[in-house]
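Here is a short briefing on how the strands and helices of one chain fit together. Keep the 3D view open as you read.

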Amino acid sequence: MKTAEIPEWFPPWAAELSELYFSGSTSLFVLHGNVYDMVPLAADGSSYGSLSDFLAEQVFGRWDLVLYYDLARGLRAFAGRDGARLKEMVTRANEKIGDLAAARKDPSTAFALLDRFVQNNIMAEESSSAAILIDYASFLVPSGEPGRLSPAASQQVVTLLNWAASPHIKRLNMAIVLVDESAAALSGSVTSNPYVSDVEVSMPDEAARARFLRFAVGGRDLSAASDYAENELARLTAGISFVDMNVMVQSALESGKRLDTARMRGLKKELIERQCRGLLEFIEPKWTMDVLVGHAPVKQRLREDAQLLKRGDTETLPMGYLVCGPVGTGKTFLAQCMAGEMGVPCVTLKNFRSKYVGETEGNLERVLGVLRAMGPVVVVIDEADAALGDREQEGDSGTSSRVFSMIAAQMGDTRYRGKILWMLLT
């Protein structure tokens, strides 16, 4: 029986992955979301590294063999920063698998070697505990109709599904982890399979950001370079990754450019927009409801809701608003006045649709991940009927209906009541 104590300091996604694995119900995981950010590698927060380092050193730190594969670096043994353990792994891998260099550039060869290793490990009298990490997995098992994938990609999808469904692998200490920013970019045959567990790596919360800031500052005097104390920075950097937070802090400490209110506002806008790849645009609310003429019942309702948000009484707040009216009647202006009245950031959702298969859903997935970490935030979607589509729309391989479902599911998630306030303009 697989049992282990899960350290309390593990990030939420790592605790979820560990619990799923130790339950014995699955051995193949898809990690997606904020997967290329820095991750704490020690309980005291004294070191940070990549997600693959964390998996190799902490989640699978006591396992006999950790194998890492991506298209650029090929198949190799991987032990994070532990050189001595890496030497042992290389020796063991050469005994159990053979020459890993043979699979350097060819994914078909790599999957064949891995499949043979998995089958041999199942049949061995003394099996080895082994984890297989596959990075940038969408390049190996891309999204697409099963019959339209290349023969090599189809073979890789079927290999993964065989591993996921194998009851023998579940009985052994074996795990396969696919890593990619977007779950939508991966083959639906893999992500929707009941034997595969989907784990989202979310943006860091305020407590995690506070711990990282202590690491990034490194004992130096932050007040000499910033108008904000560490606890204030941790609150204001909602929606920003550790990598970008590190850039913000180090540039203030090393460049001599003080992190004041104007610089903080500009940096946060730039970093979040870049993180969303230009799919979100910050709006600086310049007005409140005082400058809005007319619409008295609307103003009263919105002002009451603004007071509820300021008091933190979010239980009676709506999840969002649908603002209807002809062109030129001030719908966008009303949304900006609403954000100014509430005193929270306001963003507009730009065109996230793409002509490439799976990229539209991937873009929306990325944006929603940032919004969930930013709250409270007002999200304005202009021409919402065209941007979101509907459940019945056809002619685009189901993309519009999937987009509609993703947005509708997020809007209906009451965990984010008072954190994400939607304003649909049409």
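Six strands line up as β5-β4-β6-β7-β1-β8 in an open sheet with mixed pairing. The model is a predicted one. A further open sheet has five strands, and helices pack on both sheets, as the points below show.

**The six-strand sheet**

- The edges are β5 and β8 (196–201), and each of these strands pairs on one side only.
- On average, neighbouring strands of this sheet are turned by 20° against each other, direction ignored.
- Strand β1 (residues 28–33) runs parallel to β8, and six bridges join the two.
- Val-30 shows the pairing: Asp-198 in β8 stands opposite this residue.
- Helix α4 packs on this sheet and touches β4, β5, β6 (130–135) and β7 (174–179).
- The direction of α4 makes about 160° with that of β4.

**The hairpin in that sheet**

- Strand β4 (residues 65–70) and strand β5 (residues 74–77) run antiparallel, joined by four bridges.
- These two strands, β4 and β5, form a hairpin, with three residues between them.
- Asp-70 stands opposite Gly-74 in β5.

**Helices α4 and α5**

- Helix α4 (residues 107–123) packs against helix α5 (residues 151–165) at an angle of about 20°. Their axes are 10 Å apart.
- Angles under 35 degrees count as roughly parallel, so α4 is roughly parallel to α5.
- The crossing of α4 and α5 is left-handed.
- From α4, the contact uses Pro-107, Ser-108, Phe-111, Leu-114, Asp-115 and Val-118. From α5, the partners are Ala-152, Gln-155, Gln-156, Thr-159, Leu-160 and Trp-163.
- By class, this contact of α4 with α5 holds seven nonpolar, four polar and one charged residues.

**Helices α1 and α2**

- Helix α1 (residues 12–22) and α2 cross at roughly 50°, and their axes come within 12 Å.
- That angle makes α1 oblique to α2.
- The crossing of α1 and α2 is right-handed.
- Trp-13, Ala-14, Leu-17 and Ser-18 in α1 meet Leu-51, Phe-54, Leu-55 and Val-59 in α2.
- The contact of α1 with α2 has seven nonpolar residues, one polar and no charged.

**Salt bridges**

- How many salt bridges does a search of the whole structure find? The count is twelve.
- Side chains of opposite charge can pair when their charged atoms come close.
- Arg-81 forms a salt bridge with Glu-57, and the closest N and O atoms are 2.7 Å apart.
- This pair links distant parts of the chain, 24 residues apart. Arg-81 lies in the loop between β5 and α3 (83–96), while Glu-57 lies in helix α2 (residues 51–59).

**The five-strand sheet**

- The strand order in this open sheet is β9-β11-β12-β13-β10, and the pairing is mixed.
- The edge strands are β9 (280–283) and β10 (320–323), each pairing on one side only.
- Neighbouring strands here are turned by 25° against each other on average, direction ignored.
- Strand β11 (residues 346–349) and strand β12 (residues 377–381) run parallel, with three bridges joining them.
- Thr-348 has Val-380 as its bridge partner in β12.
- Helix α14 (residues 359–374) packs on this sheet, touching β9, β11, β12 and β13 (420–425). The direction of α14 makes about 130° with that of β13.

Notes: Residues are numbered from 1 along each chain as its sequence is written. This is a predicted model: local features need pLDDT of at least 70, side-chain atom pairs count only at pLDDT 80 or more; totals for chains, interfaces and linings use all residues. Side-chain values use heavy atoms; hydrogens and water are left out. Axes are lines fitted to C-alpha atoms, for helices over the stretch in contact, and angles run from 0 to 180 degrees between N-to-C directions. Angles under 35 degrees count as roughly parallel, over 145 as roughly antiparallel, 65 to 115 as roughly perpendicular and the rest as oblique. A crossing is left-handed if the near helix is turned anticlockwise from the far one by less than a right angle, and right-handed if clockwise. Contact means heavy atoms within 4.5 Å. Ala, Val, Leu, Ile, Met, Phe, Trp, Tyr, Cys and Pro count as nonpolar, Asp, Glu, Lys and Arg as charged, and the others, Gly among them, as polar. Two strands pair if DSSP finds at least two bridges between them. A salt bridge is a side-chain nitrogen of Lys or Arg within 4 Å of a carboxyl oxygen of Asp or Glu.
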